[in-house]
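Thank you all for coming; I would like to take a few minutes to walk through one model with you. Please have a look at it on the screen before I go on.

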Amino acid sequence: MLKKIKSNYMILILIGFYFVTHLPSLVELPVFADESIYIRWAQLIIDDWKRYLFFPMNDGKTPLFIWILVPFQFLFKNQLFAGRIVSLLVGLVQVLVNIKTIEVLGGRKKTKLVVGLLTIVLPFWYFQHRMALMDGLLTLFSSFTFLTLLKVIKKQKSVVLTKENFIKNLFDKSSMKLLLFAGLSFGLAILTKIPAVLFIPSFYLSIFFISKKDFSNLFLSFFKVSLSMFVGLVIFGLLKINPVFGQLFSRGGDFLFPISEIIGGKWKETIPNIPNYINYFFVYLTPGIMIASIVGLFSKKHKTIIHILFWSGVSFILPIALMGKTVYPRYLFPASFFFTLASAISLEGIIVNAFNKNNKLWSKILVSIIVSLLISNTITSSINFINFSIFNPNATPFVSSDKTQYL
């Protein structure tokens, strides 16, 4: 009981800290072009919903985020504030989802606190949760799908693969509700933004969180994930009732090279850009977090968890990096979910291993210094970014491509 009360206090403190850091100067940064478009679409729906409810599809955008913007236009006079407050509230829920995911992965109480704080202050998270853009909501629904599938896989009991056992365990009541929720969440993610489909490899990688990794259990987990993916795609398919459904795929060529061109040699032009994309994460997630994620790949504790999370992030980035004509940081932002979790778990493992009773004093001191440097780098970089965002938005330390867009 006492632990539950302390946990609730921790959540309340994080929520308070979230609003204190995110609400100030919310509309000081000038409106970004895409924000103004989305807000205008919401206003058109208010004016004539029968005509404009699916209007975003004409521009290759699924409409869920625009629909959510609509009621907030009635709540606030400042239209930009009304749009950005949506992403701010999305970010608050994201903090809770990240904490819960760490809990399901077996992270300690302090690790949950760390991941909560990281989701609040890291520049990538902080900025996206203060802009009226779709990427934050896409990340939230996709990460909730991952969390729900993770719960299913963690609960799965060892089975002997027979036809009867397979069907019985695939459709058992305890997991079926969660699988449907996962499918619903995935469907909402696609209704927010089509690149949600890039999370599919990470959903399948989650099957390796199962405790007993034999063929029967992995095979069953694969079909459970597939069932959720099918539900999500069916929800997306409901948009076909609208005659402009085909327009959703009309803008892909503006941002991506066709696969045929990539195979034909375009990869020689796109691959050299990958170091630049990696730099986005080192700037916006800070070097400390990215180094911690990479170091975790070689640690003994939580090695499997970190590998799954890290390569899940890479699996989201790779198609965009390989096929992208113009790749802005926000396109890669959803991968932050995996790298943030991986870094928190990694730091936990590094600290636990370092302070093992069998380790020598010099080893403990060395690890303490390294961890302190990583954390200090993250804190100073994040405070610097937040400070400029609040007090001098026009000097916010963006990477060059974002300076061109936002400033």
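**Salt bridges, aromatic pairs and a pocket**

There are seven salt bridges in this structure, and I should say at once that the model is a predicted one. Let me begin with Arg-330, which forms a salt bridge with Asp-34, with 3.1 Å between the closest N and O atoms. This pair connects distant parts of the chain, since Arg-330 sits in helix H18 and Asp-34 in helix H2, 296 residues apart. Arg-330 has a relative accessibility of 6%, and because the cut-off for buried is under 20%, this residue counts as buried.

Helix H2 also takes part in a second bridge, in which the side chains of Arg-84 and Glu-35 meet at 2.8 Å, N to O. Arg-84 belongs to helix H5, residues 79–104, and Glu-35 to helix H2, so this contact ties together parts that are 49 residues apart in sequence. Both partners, Arg-84 and Glu-35, are buried.

The next one is the salt bridge between Asp-135 and Lys-193, whose closest N and O atoms are 2.8 Å apart. Asp-135 lies in helix H8, whereas Lys-193 is found in the loop between helix H10 and helix H11, so the pair ties together parts that are 58 residues apart in sequence. Asp-135 is buried, at a relative accessible area of 2%, and Lys-193 is buried as well, at 15%. In addition, salt bridges with shared partners join Lys-100, Glu-103 and Lys-112 into one network.

Turning to the aromatic rings, the structure holds 37 aromatic pairs. One of them is formed by Phe-245 and Phe-249, an edge-to-face pair with 5.7 Å centre to centre and 75° between the planes; Phe-245 is buried, with a relative accessible area of 13%. Tyr-328 and Tyr-331 also make an edge-to-face pair, at 5.8 Å centre to centre and 75° between the planes. Here Tyr-328 is partly exposed, at 24%, while Tyr-331 is buried, at 17%.

Finally, what surrounds the second largest pocket? This pocket has a volume of about 580 Å³, and of the 25 residues lining it, Lys-110, Val-114, Leu-117, Leu-347 and Ile-375 are the closest to its centre. Helices H1, H6, H16, H19 and H20 each supply at least two residues of the lining, with the largest share, seven residues, coming from H20. By class, the lining comprises 17 nonpolar, five polar and three charged residues.

Terms used
Residues numbered from 1 in each chain as written. Predicted model: local features only at pLDDT ≥ 70, side-chain atom pairs only at ≥ 80, totals over all residues. Heavy atoms only, no water. 1 Å grid on protein atoms, 1.4 Å probe; cavity = no way out; pocket = protein on both sides within 12 Å on 5 of 7 lines; lining within 4 Å. Points joined across faces, edges and corners; volume = space filled by probe spheres on them. Helix = DSSP H or I, 4+ residues; strand = E, 2+ residues; numbered from the N terminus. Nonpolar A, V, L, I, M, F, W, Y, C, P; charged D, E, K, R; others polar. Phe/Tyr/Trp six-rings, centres within 6.5 Å; stacked < 30°, edge-to-face > 60°. Buried < 20%, exposed > 50% of the residue type's maximum accessible area, 1.4 Å probe, protein only. Salt bridge = Lys/Arg side-chain N within 4 Å of Asp/Glu carboxyl O.
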